[in-house]
Amino acid sequence: WHTLLKEQATLRAAEGEYLEAVNDIIKKVSEAYFDSLRARRVLKDNQVLLEKANEAFAMSKKKWESGLISEIEYLNVESQQSQLAHQVEESRQDAELVFLELQKHLNLELDERVDLIPFYEYDEVIESARAQSEKEREKEGVTPIDEAEFGKPLDHYIELAYENRPDLKRE
């Protein structure tokens, strides 16, 4: 009888260790999966920023060659563009390292690739949150900012600043 009780206790301990190991694998794979998605999103965002920086750099270079801006302004834009290019490369490396971590946890070979499909699209989540926020503001009676205000020219806002800030009052 004691042998049976001892074996049952050993079985329960082994089942507990097994469940702990399975939960640990699930946790590690989940973390690696979401880290991979995050790293890919960061890479994509940085690539978009770099494209915009490249456009700004090309425009700045033309302006500098035409003598419209100083060399310092041109070099500042060039420096920012170079920093963004460096960030894109770091993001690419980070995405690859995180994906390698996922492959390790999935016990895949280096040449085996997995297509990661996110559970949700970031833009859809943001739009859903924005819609929910607007509904809550309507319930509370808070009026949203009039979007027409954003379309006014800069001179309008400069005039408002002069009217409303004593330190900017014209003499």
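A residue is called buried when its relative accessible area is under 20%, exposed when that value is over 50%, and partly exposed in between. With these classes in hand, the structure, which is a predicted model, can be described from its overall fold down to individual rings. Phe34 makes a handy first case: its relative accessible area is 38%, so this residue is partly exposed.

The protein chain contains 4 helices and 0 strands, and its elements follow one another along the sequence as α-α-α-α. Of its 171 residues, 13% are buried. The accessible surface comes to about 14200 Å², with carbon and sulfur atoms providing 55% of that area. Among the contacts in the chain with a separation of 6 or more, 59% join residues that are 24 or more positions apart.

A word on confidence is useful before turning to side chains. The mean pLDDT of the protein chain is 84, and 89% of the residues score at least 70. Helix H2 has the highest confidence, at 93, while helix H4 (residues 154–164) has the lowest, at a mean of 73. Where pLDDT is low, the predicted coordinates should not be read in detail.

The largest nonpolar core holds 6 residues, namely Ala32, Tyr33, Leu37, Phe99, Leu102 and Leu116. Two or more residues of this core come from each of helix H1 (2–66) and helix H2 (71–106). H1 gives the most, with 3 residues. Another core, of 5 residues, lies apart from it and includes Leu50, Ala53, Leu84 and Val88. Within the largest core, Ala32 offers a closer view of the packing: leaving aside residues up to four places away in sequence, Ala32 touches Val98, Glu101, Leu102 and His105.

Ser36, which lies in helix H1, is also worth a look. Its relative accessibility is 2%, and because the cut-off for burial is under 20%, Ser36 counts as buried. Beyond residues up to four places away in sequence, the contacts of Ser36 are with Val98, Phe99, Leu102 and Leu116. Of these partners, Phe99, Leu102 and Leu116 belong to the largest nonpolar core.

Aromatic side chains add further detail, with 3 aromatic pairs found in a search of the whole structure. One pair brings together Tyr33 and Phe34, whose ring centres are 4.9 Å apart; their planes meet at 75°, so the arrangement is edge-to-face. The two partners fall into separate accessibility classes: Tyr33 is buried, with a relative accessible area of 14%, whereas Phe34 is partly exposed at 38%.

A further pair is formed by Phe57 and Tyr74, with ring centres 5.7 Å apart and planes at 25°, so this pair is stacked. Here the pairing links distant parts of the chain, since Phe57 sits in helix H1 and Tyr74 in helix H2, 17 residues apart. Phe57 is buried, with a relative accessible area of 16%, and Tyr74 is likewise buried, at 8% relative accessibility. Together with Trp64, Phe57 and Tyr74 form one aromatic cluster.

Conventions: Residues are numbered from 1 along each chain as its sequence is written. This is a predicted model: local features need pLDDT of at least 70, side-chain atom pairs count only at pLDDT 80 or more; totals for chains, interfaces and linings use all residues. Side-chain values use heavy atoms; hydrogens and water are left out. Buried means under 20% relative accessible area, exposed over 50%, partly exposed in between (1.4 Å probe, protein chains only). Contact means heavy atoms within 4.5 Å. Accessible areas come from the Shrake-Rupley method with a 1.4 Å probe; for residues, only the protein chains shown count as cover. A nonpolar core is a set of buried Ala, Val, Leu, Ile, Met, Phe, Trp, Tyr and Cys residues joined through side-chain atoms within 4.5 Å. pLDDT is the predictor's confidence in each residue, from 0 to 100. Rings of Phe, Tyr and Trp (its six-membered ring) pair if their centres lie within 6.5 Å; planes under 30 degrees apart count as stacked, over 60 as edge-to-face and the rest as tilted.
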